[in-house]
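Here are my notes on the model, point by point. Please read them with the structure open.

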Amino acid sequence: MAKIKLSGGGGGFPMPMTLVGYEVGGKANFVAVAWVMRANQEPPMIAIAPGGRGRGFDIGGIVQNGAFSVNLPGIGLMEKTDYCALNPGEDVDKSGLFDIFYGELSGAPMIEQCPLCLECKLVQRLALPSHTLYIGEIVGLYAEEDSFFGGCPDPSLWRPFMLTRPDDLYWEIGARAGDAWFIGEDCGKKAAQKTPESLEKWLEDTQPGISAPEEP
Ligand SMILES: Cc1cc2nc3c(=O)[nH]c(=O)nc-3n(C[C@H](O)[C@H](O)[C@H](O)COP(=O)(O)O)c2cc1C
């Protein structure tokens, strides 16, 4: 396959859009952050790299409170998400943009309108040349019932979106494409599919008390 060499580091890499929440001066602030990844299994952790125009590195509120949230918006919140990117918290008060709720950490404001909200306790910081990587332990995970069909996220209901660069576009997730930890077993020799039994077993192991959804 012919390749072209792109300049810069992040071109072409699709990134999930999130809104990172933290408290500053007694108010909630929300930053649009695309640099985000799961980072540890047990305890569960997530890593984010929020900066802020002209500021680049330390976000005082996260450090002072030792807490932040990661909220995953659906496309219905695309405009507000972009607004949170275009407007630094130093210039505008973004605390009234969403309905806010809290879990156990007072420094981690979460967004009612987001189908998935992670409440995180700051456990580590890694200063990099332009940004700081914040690693948080996920102490609370709040999912909107209507977007999680039978305990499983259903992107067709929730409609999370991704960012690509350098074209600076938002993209919606497409159709279900395959069964992870499964389809590779025979390396494509047969069209493997999860069965209702295997899904039921997965739910039993990971989501006690929730049963598999009815086949549509
Ligand atoms: C689509 C999009 C994704 C962004 N992702 C990040 C990111 O991952 N890290 C970052 O530091 N800034 C990112 N930004 C920029 C911040 O959202 C922006 O600087 C914002 O104004 C900072 O808000 P604050 O001053 O309230 O913290 C992104 C901007 C856009 C438009």
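**Notes on the predicted model**

1. **Overall make-up.** The protein chain has four helices and 14 strands. This is a predicted model. Of its 216 residues, 24% count as buried. Take the contacts in the protein chain with a separation of 6 or more: residues 24 or more positions apart account for 60% of them.

2. **The three-stranded sheet.** One open sheet has three strands in the order 1-13-14, and the pairing is antiparallel. Strand 1 (15-16) and strand 14 are the edge strands, each pairing on one side only. Strand 1 and strand 13 run antiparallel and are joined by two bridges. To find the register, start at Met-15, whose bridge partner in strand 13 is Leu-163.

3. **The loop between strands 13 and 14.** Please check the backbone here. Strand 13 spans 161-164 and strand 14 spans 169-172, with Pro-166 in the loop between them. The peptide bond from Arg-165 to Pro-166 is cis, and its omega is near 10°. Asp-168 lies in the loop between strand 13 and strand 14 as well. Its phi is positive, near 55°, in a residue other than glycine. Is Asp-168 buried or exposed? Asp-168 has 7 other C-beta atoms within 10 Å, so it is exposed. The cut-off for that class is 12 or fewer.

4. **Before strand 13.** Arg-159 sits in the loop between helix 3 (155-158) and strand 13. Arg-159 also has a positive phi, near 60°, and is a residue other than glycine. Its exposure class is not that of Asp-168: Arg-159 counts as partly exposed because it has 17 C-beta neighbours inside 10 Å, while Asp-168 is exposed. A residue needs 20 or more such neighbours to be buried.

5. **A second cis proline.** Pro-43 belongs to the loop between strand 4 (36-40) and strand 5 (45-48). The bond joining Glu-42 and Pro-43 is a cis peptide bond, with omega about 0°. I would show this bond in a figure alongside the one from Arg-165 to Pro-166, which is cis too.

6. **Ile-48.** Strand 5 holds Ile-48. Why does Ile-48 count as buried? Ile-48 has 25 other C-beta atoms within 10 Å, so it is buried; the class begins at 20. Leaving out residues up to four places away in sequence, Ile-48 touches Val-20, Val-33, Trp-35, Val-36, Val-70 and Tyr-134. Gly-136 is 88 residues from Ile-48 in sequence, yet their C-alpha atoms are 8.2 Å apart in space.

7. **The ligand shell.** How many residues surround the ligand? There are 19, and the closest are Trp-35, Gly-51, Ala-85, Pro-88 and Gly-89. Two elements give two or more residues to this shell: strand 3 (27-33) and helix 2 (78-86). Strand 3 gives the most, with four residues. By class, the shell holds 10 nonpolar residues, six polar and three charged. Trp-35 links this point to the previous one: it is among the residues closest to the ligand, and Ile-48 touches it.

8. **For the figures.** Three views would cover these points. One should show the open sheet with the order 1-13-14. Another should show Ile-48 with its contacts, including Val-70 and Tyr-134. The last should show the ligand with its closest residues, among them Gly-51 and Pro-88.

Methods: Residues are numbered from 1 along each chain as its sequence is written. This is a predicted model: local features need pLDDT of at least 70, side-chain atom pairs count only at pLDDT 80 or more; totals for chains, interfaces and linings use all residues. A residue is near a molecule or strand if its C-beta atom, placed from the backbone, lies within 6 Å of it. Ala, Val, Leu, Ile, Met, Phe, Trp, Tyr, Cys and Pro count as nonpolar, Asp, Glu, Lys and Arg as charged, and the others, Gly among them, as polar. Two residues are in contact if their C-beta atoms, placed from the backbone, lie within 7 Å. Two strands pair if DSSP finds at least two bridges between them.
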